[in-house]
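Student: Could we go through this model together? I'd like to start with the ligand and then wander a bit.

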Amino acid sequence: MYKAPRGTVDILPQEQVYWKYIEERVTFLCQLYGYQPISTPIFEDAQLFARAVAGGTDIVNKEMYTFKDKSGQELALRAEGTAPVCRAYLEHGLFNSPQPVRLYYIAPAFRYERPQTGRYRQHHQFGLEALGEADPALDAEVIELAQRIFVSLGLSGFSIQLNSIGCRLCQPKYIEVLKHHYSGYEEQLCPDCKVRLSKSPLRLLDCKNAACQEIVKTAPQMTNYLCDECQAHFLSLQKYLEVMGITFQLNYRLVRGLDYYTRTVFEVQPREEGGQSALGGGGRYDNLVEQLGGKATPAVGFAAGIERIILNLKRQKIDIPPLAKPAAFIAYLGEEAKTEAMKLASKLRGAGVAIIGATENKSLKAQLRQASAFGISYAIIIGKAETETQTVLLRDMTKGEQRSIPSGEVLTALRQPRPQVPDT
Ligand code: HAM
């Protein structure tokens, strides 16, 4: 027996209600803020992620799904959504459109991680990116939109963690101070942090290892080393968030797992859990477009994992509106009635009424059981007598009442908010 590959899941019909719900809210709210949809290919030149996300990160070093196609080109499945959007921004000259360009996407991403609750090898993200401006008002807009999406989904109790990690000017100076803080502690560090110390020192700050956390406690804070411009940017962002009524927690240990960030970084953490389970995260990436070959283009964005949102919707027992059921089930008895049933089903569907038609020659009882199992409110029953009189029996499945009506009136009856089954 084949199974879905490790770390991937089938999204069965009963789960789709969550997906449709999230897609609908995300789409509505992104468009409310002027974000336009964009779709990029599921695979890209592997170098795009290697350059954008950078070599010091697990995503590039350990988790990318890379492969060579038949022409020998090295490709990678989408590891995240920001680099492909920047690539598309450059490739299609979106820098010529009025800036900032606001884009959103809902797409799968692939990372070869150790599967566990809320962590998959194929997961799905919704993301938003605003490219072309450095104004902290844009950072505030992105954070507000992220929060509004979670609130509109019904989630509560999450926190917004915020930090600034500076720019090309001030970050290297801070890294020197940070490395200095770590000198003498090298032997006590976990194996990952030993590598981080030389490859991506900022990541030392969010290590979960107990011994490393002790060293972090006394580490210098980036926000004390920001240059004047970064400091002003960060203070303005906080002021905007405050006036918008958005509660956030400053977290000097927040650095994110991708190397392209500058200045603002933020994460949305669910009520119950620690750092391994962020609902979403984002920040500013003012150097990324330039790094990919474009002009200097400041930008900011955010992405959230849909599987993690669903996990939290279930944990918080949020009621999700059910997907619409077909309006009626058509049952028949006998070959002649079957022909009538098929004719009627086709006519009703043609008029935009959702119908499930019985198939195979089951007993009427079995057919009605099937209608109940599908959760359909009405059954239309056609037997020999109905075929001869051009009528049908319209049965209210909840009340168990039924009444004969002319075939020509079925459409009108089903279109009423709740078709009346008249008294006999
Ligand atoms: P990220 O933090 O790597 O950021 O991923 C965004 C979100 O995707 C995470 O917060 C998490 O909810 C979800 N996620 C990540 N990996 C997995 C996984 N293996 N299984 C399930 N869910 C997962 C980015 O990807 C950036 N591109 C975000 C961004 C957009 N920054 C600026 N613009």
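Tutor: What follows is a walk through the ligand site, a pocket, the aromatic pairs and some backbone details, and please keep in mind that this is a predicted model.

Student: Okay, which residues come nearest to the ligand?

Tutor: There are 26 residues around the ligand, and the ones that come nearest are Glu80, Thr82, Glu113, Glu129 and Tyr261. By class, this shell divides into nine nonpolar, 10 polar and seven charged residues.

Student: And which strands supply at least two residues of that shell?

Tutor: Strand 6 (122-131), strand 10 (280-284) and strand 11 (299-305) each do so.

Student: What about contacts, say from the side chain of Arg111 or Tyr260: how far is the ligand from an N or O atom there?

Tutor: For Arg111, a side-chain N or O atom is 2.9 Å from an oxygen atom of the ligand, while for Tyr260 the partner is a nitrogen atom of the ligand, with 3.0 Å to an N or O atom in the side chain. Phe302 takes part through its backbone, where an N or O atom lies 3.1 Å from a ligand nitrogen. Taken on its own, the ligand has 660 Å² of accessible area, and the protein covers 96% of that.

Student: Switching topic: how much space lies in the second largest pocket?

Tutor: About 360 Å³. Its lining is made up of 23 residues, and those that lie nearest the centre are Gln171, Leu202, Asp259, Tyr260 and Tyr261. The lining divides into 12 nonpolar, six polar and five charged residues, and helix 6 (residues 170-182) gives the largest share, which is three residues.

Student: Back to Phe302, what kind of aromatic pair does it form with Phe150?

Tutor: The search of the whole structure finds 12 aromatic pairs, and the one between Phe150 and Phe302 is edge-to-face, with 6.2 Å from centre to centre and 85° between the planes. Because Phe150 lies in helix 5 (residues 136-152) and Phe302 in strand 11, the pair ties together parts that are 152 residues apart in sequence.

Student: Last one, on the backbone: where is the cis peptide bond, and which residue has a positive phi although it is not a glycine?

Tutor: The cis peptide bond joins Gln99 and Pro100, with omega at about -5°, and Pro100 has its place in the loop between helix 4 (82-91) and strand 5 (101-110). The positive phi, about 60°, belongs to Glu360, which lies in the loop between strand 13 (355-357) and helix 13 (364-373).

Key
Residues are numbered from 1 along each chain as its sequence is written. This is a predicted model: local features need pLDDT of at least 70, side-chain atom pairs count only at pLDDT 80 or more; totals for chains, interfaces and linings use all residues. Side-chain values use heavy atoms; hydrogens and water are left out. On a 1 Å grid over the protein atoms alone, a cavity is a set of points where a 1.4 Å probe fits but cannot get out, and a pocket is an open set with protein on both sides within 12 Å along at least five of seven lines; lining residues have an atom within 4 Å of a point. Grid points are joined across faces, edges and corners, and a volume is the space filled by probe spheres set on the points. Helices (H or I, at least four residues) and strands (E, at least two) are DSSP runs, numbered from the N terminus. Ala, Val, Leu, Ile, Met, Phe, Trp, Tyr, Cys and Pro count as nonpolar, Asp, Glu, Lys and Arg as charged, and the others, Gly among them, as polar. A residue is near a molecule or strand if one of its heavy atoms lies within 4 Å of it. A polar contact is a pair of N or O atoms within 3.5 Å; within protein, one must be able to donate a hydrogen and the other to accept it, and residues adjacent in sequence count only if both atoms are side-chain atoms. Accessible areas come from the Shrake-Rupley method with a 1.4 Å probe; for residues, only the protein chains shown count as cover. Rings of Phe, Tyr and Trp (its six-membered ring) pair if their centres lie within 6.5 Å; planes under 30 degrees apart count as stacked, over 60 as edge-to-face and the rest as tilted.
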